[in-house]
Amino acid sequence: MAQKVWFQLDNAAKLYPAIANARWTSAFRMTAEFLEDVDPQLLQKALDDTLPRFPSLNVRLRAGVFWYYLEQAPGRLLVRQDSGHPCMPFSQKRDGKFLLRVFYFGKRISAEFFHVLTDGTGGLAFLKTLAVQYLRLKGNPVSFDQGAMDIADAPTQEETLDAFHAIALPDIRVSRKEEHAWHFPATKEIPHTLNVIAASMPADKMLEKAHEMNVSMTEYLAALILFTADRCQRATTKKLRPVRVSVPVNMRPFYGIHTLRNFSSFVNPVIDSRLGEYTLEEICRCVHNFMALNCTKKQLSGVIATNVAEEKPLYIRLAPLFIKNMAISSVFKHSGELQFSSTLSNVGKTGFPTGSERLIKRFEFLLGSPCDAMCNCACVATGNEVRLTFSSNIRETTLPRELLRLLVEEGVPVTVESNYQEDM
């Protein structure tokens with residue numbers, strides 16, 4: 001009998017099982033929108049062909065005495081028609097033992113991932129591979145390129161590597177202490193609710209605006225979030241706090257490691273509203289300088305080294321799992337998302353696999369529900385379209401409404417879709 005494949009959780013993944021709940025699902029979604037309706041039977045065949053190519057996704061979560069671990073999942077992952085709110089908590093009753101879901105609806109194929117499996121880069125690689133195999137089964141000559149993995153190739157050891165423990169890290173600890181940030185006034189929705197606003201805009205216009213400010217697209221979006229938060233804070237309270245946005249950074253380019261598991265760090269650009277009112281130009285300069293200082297291999301490695309070092313002491317390794325869970329949950333509750341006003345996750349510009357340019361309309365990236373009451377933002381650019389998705393567990397639409405109004409005022413055309421009942 002073949003031995004089951006299993007993996008230790010990577011350093012980033014160890015956080016999520018301890019803090020996931022009905023309000024914070026630790027899930028995210030990747031979507032491919034086609035120009036024709038999806039055939040569910042062909043999609044199922046494509047999934048059956050694709051999933052074995054990703055052994056680190058074809059797993060279930062198991063609890064040991066001291067740590068969680070991932071083990072090859074039994075059975076077959078079935079595609080489902082999409083319904084209800086996205087990124088709901090993973091459930092053995094609904095999802096079997098899998099930590100991955102694949103949905104279809106109309107012209108859309110969506111894959112949802114429990115964050116213990118991978119990050120946005122790995123999720124997009126799986127979705128692209130699935131989309132290419134689906135189109136090939138329909139008789140289209142589409143290539144496994146632009147990030148799609150050839151399903152005829154055997155998985156490499158590097159793809160399943162826990163990169164956090166594979167890289168050489170300095171023997172240091174850096175302080176992660178940050179002052180609590182201001183949060184938008186918010187009315188929490190009931191559990192299992194995720195409000196989504198998706199906005200599209202021309203990539204060339206967005207790049208033009210970013211270049212006018214001498215910043216990158218990510219820096220421009222982060223500045224827009226900070227500018228919006230600063231203005232809203234001043235309009236709602238006299239007790240000002242810093243506003244801060246958390247930005248995941250893909251570590252693969254820094255180390256040349258192409259793992260499909262989690263391999264990201266975080267930087268948190270900030271402005272202190274107590275020091276006075278900021279123009280958008282000032283915030284762009286602040287964000288650009290902050291990113292230039294902190295988005296270096298050395299600085300990011302220091303953050304990762306600190307995270308990895310915290311799991312090495314003997315008393316930590318020998319603590320029972322339930323003790324670790326309580327400690328992680330307590331630390332996250334008293335820090336975690338309290339330190340930033342919003343999150344911006346940008347997977348950047350991604351190309352259409354060769355041959356799919358007239359078959360796929362766009363890719364889309366969506367973050368699941370935040371733990372605290374807030375609104376998060378995810379971004380992906382394909383062709384000449386930037387697709388922003390705002391996801392929240394609150395009723396208010398302040399951040400997306402004001403940020404998109406600002407873009408329109410700046411001369412950027414914006415189209416909006418939403419599952420909100422409230423008018424934009």
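Here are two short exercises, with solutions, on a predicted model.

**Exercise 1: the cysteines**

Work out how many disulfides the structure holds, and why cysteine 87 is not in one.

*Solution.*
- Start with the bond itself: a disulfide covalently links the sulfur atoms of two cysteines.
- Next, you need a cut-off, and here the two sulfurs have to be within 2.5 Å.
- Now check cysteine 87: its closest cysteine sulfur belongs to cysteine 375 and sits 14 Å away, so that's too far for a bond.
- Then try cysteine 284, whose nearest cysteine sulfur is 9.3 Å away, in cysteine 286; cysteine 284 is in no disulfide either.
- The total for the structure comes out at zero disulfides.
- While you're there, look at accessibility, where buried means under 20% relative accessible area. Cysteine 87 has 1% relative accessibility, so it counts as buried. Cysteine 284 is buried as well, with a relative accessible area of 1%.

**Exercise 2: strand 12 and its partners**

Find out how enclosed strand 12 (residues 342-349) is, and which strands it is bridged to.

*Solution.*
- Go through the eight residues of strand 12: six of them are buried, so the rest of the structure largely encloses this strand.
- Now look for bridges to strand 9 (residues 242-250): there are two, and the two strands run parallel. For a concrete contact, pick serine 246, whose bridge partner in strand 12 is threonine 343.
- Move on to strand 14 (residues 375-382), which is joined to strand 12 by four bridges, again in a parallel arrangement. Here you can find lysine 349 opposite alanine 381 of strand 14.
- Putting it together, strand 12 has parallel bridges to strand 9 and to strand 14.

Methods
Residues numbered from 1 in each chain as written. Predicted model: local features only at pLDDT ≥ 70, side-chain atom pairs only at ≥ 80, totals over all residues. Heavy atoms only, no water. Buried < 20%, exposed > 50% of the residue type's maximum accessible area, 1.4 Å probe, protein only. Pairing = 2+ DSSP bridges.
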